[in-house]
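This briefing is meant to be read alongside the sequence and coordinates. The points after the lead are grouped by topic.

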Amino acid sequence: MTTAPLRAAAEAAGAQELDDEPLSPTLFEAELRDLARSRYHDRHPFNLRMHRGELSPDELRTWVSNRFHYQRSIPVKDALILAKLPEPSMRRSWLRRIQDHDGLVDGQGGIERWLRLGEAVGLSRSQVVAGAHVLPGVRLAVDGYVNFCRLSPALEAVASSLTELCAPNIMMTRLETFPVHYPWIEEAGLAYFRSRVPQGSRDGAEALAWVIDWARTRSDQHKALSALAFKCDVLWSLLDSVEHGGTPERAR
């Protein structure tokens with residue numbers, strides 16, 4: 001029997017072992033950042049039109065009213081993630097995210113600031129809160145993300161939040177473009193975007209450090225990357241629904 005097939009099999013096995021080797025922390029971080037940048041929803045046609053000033057007032061209202069279903073779900077998914085964290089210091093740190101969105105008292109926090117954005121674009125606060133105009137595709141995408149955080153281990157749940165790495169840039173873009181293209185929106189209504197710049201930078205860096213530390217095998221690194229890709233798909237699907245399933249009448 002020739003040794004060539006045996007040699008080929010051994011080489012293939014060696015290549016597989018190399019493929020299974022975990023990436024270094026530096027390379028793994030680069031993979032995570034590249035994935036987030038390439039699949040983040042800032043590239044979605046709806047966001048591109050938004051930032052070029054091409055949306056009508058009714059289209060903006062459709063987006064704001066539907067996006068609120070995601071905003072109000074953020075502290076819920078963060079509470080689910082918090083329950084999975086193994087260390088008190090981690091839980092204390094993650095709790096800050098819930099407080100950022102819910103506020104420490106009524107009238108504060110990201111959810112309140114989003115409602116003020118709704119008022120600034122001409123929506124009724126009570127209608128936005130009621131959620132009667134949330135599109136089915138938006139509800140499916142957001143609720144699917146909450147369930148993902150409910151059912152997934154801490155690694156994947158935290159990794160799914162790494163879209164925060166891109167959040168500051170899109171918020172800065174909106175702060176720069178909205179006053180130019182949509183001057184009818186009062187400046188006070190943009191407070192949500194302003195607050196998310198430092199919060200996104202802080203939260204993204206924290207979650208990234210945890211994911212890199214936890215993902216010690218190539219399998220775990222793949223799981224983290226898949227979780228981040230899923231979250232990118234959630235945000236993209238939300239905008240697909242707003243762009244193709246929304247009508248001005250549903251947003252009012």
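In this predicted model, one aromatic cluster is formed by W63, W114, F178, Y182, Y192 and F193. The notes below take up ring pairs within that cluster, then a helix contact to which W114, Y192 and F193 contribute, and finally the cavities found in the structure.

**Aromatic pairs**

- The count of aromatic pairs comes to nine.
- The ring centres of W63 and W114 are 5.3 Å apart and the ring planes stand at 70°, so this pair is classed as edge-to-face, the class for planes over 60 degrees apart.
- Because W63 belongs to helix α4 and W114 to helix α6, the pair ties together parts that lie 51 residues apart in sequence.
- Both partners fall below the 20% cut-off for burial: W63 is buried with a relative accessible area of 1%, and W114 is likewise counted as buried at 1% relative accessibility.
- A further edge-to-face pair is made by F178 and Y182, with 5.1 Å from centre to centre and 65° between the planes.
- F178 has a relative accessibility of 1% and so counts as buried, and Y182, at 2%, is also counted as buried.

**Packing of α6 against α11**

- Helix α6, which spans residues 110-120, packs with α11 at an angle of about 145°, and the axes of the two helices are 8 Å apart.
- On the α6 side the contact is made by G110, R113, W114 and L117, while α11 contributes A191, Y192, F193, S195 and Q199.
- By class, the residues of this contact comprise five that are nonpolar, three that are polar and one that is charged.
- W114 of α6 and Y192 and F193 of α11 take part in this contact, and these three residues are also members of the aromatic cluster.

**Cavities**

- When the whole structure is searched, three cavities of 30 Å³ or more are found, and the largest cavity holds about 210 Å³ of space.
- The lining of the largest cavity consists of 19 residues, among which R67, Y70, E164, A167 and R196 lie nearest its centre.
- At least two lining residues are supplied by each of α4 (57-82), α10 (167-181), α11 (191-214) and α12 (218-245).
- Nine residues of this lining are nonpolar, four are polar and six are charged.
- Helix α11 therefore appears in two of these topics, since α11 packs with α6 and also supplies residues to the lining of the largest cavity, where the helices are DSSP runs numbered from the N terminus.

Notes
Residues numbered from 1 in each chain as written. Predicted model: local features only at pLDDT ≥ 70, side-chain atom pairs only at ≥ 80, totals over all residues. Heavy atoms only, no water. 1 Å grid on protein atoms, 1.4 Å probe; cavity = no way out; pocket = protein on both sides within 12 Å on 5 of 7 lines; lining within 4 Å. Points joined across faces, edges and corners; volume = space filled by probe spheres on them. Helix = DSSP H or I, 4+ residues; strand = E, 2+ residues; numbered from the N terminus. Nonpolar A, V, L, I, M, F, W, Y, C, P; charged D, E, K, R; others polar. Axes fitted to C-alpha atoms, helices over the stretch in contact; angles between N-to-C directions. Contact = heavy atoms within 4.5 Å. Phe/Tyr/Trp six-rings, centres within 6.5 Å; stacked < 30°, edge-to-face > 60°. Buried < 20%, exposed > 50% of the residue type's maximum accessible area, 1.4 Å probe, protein only.
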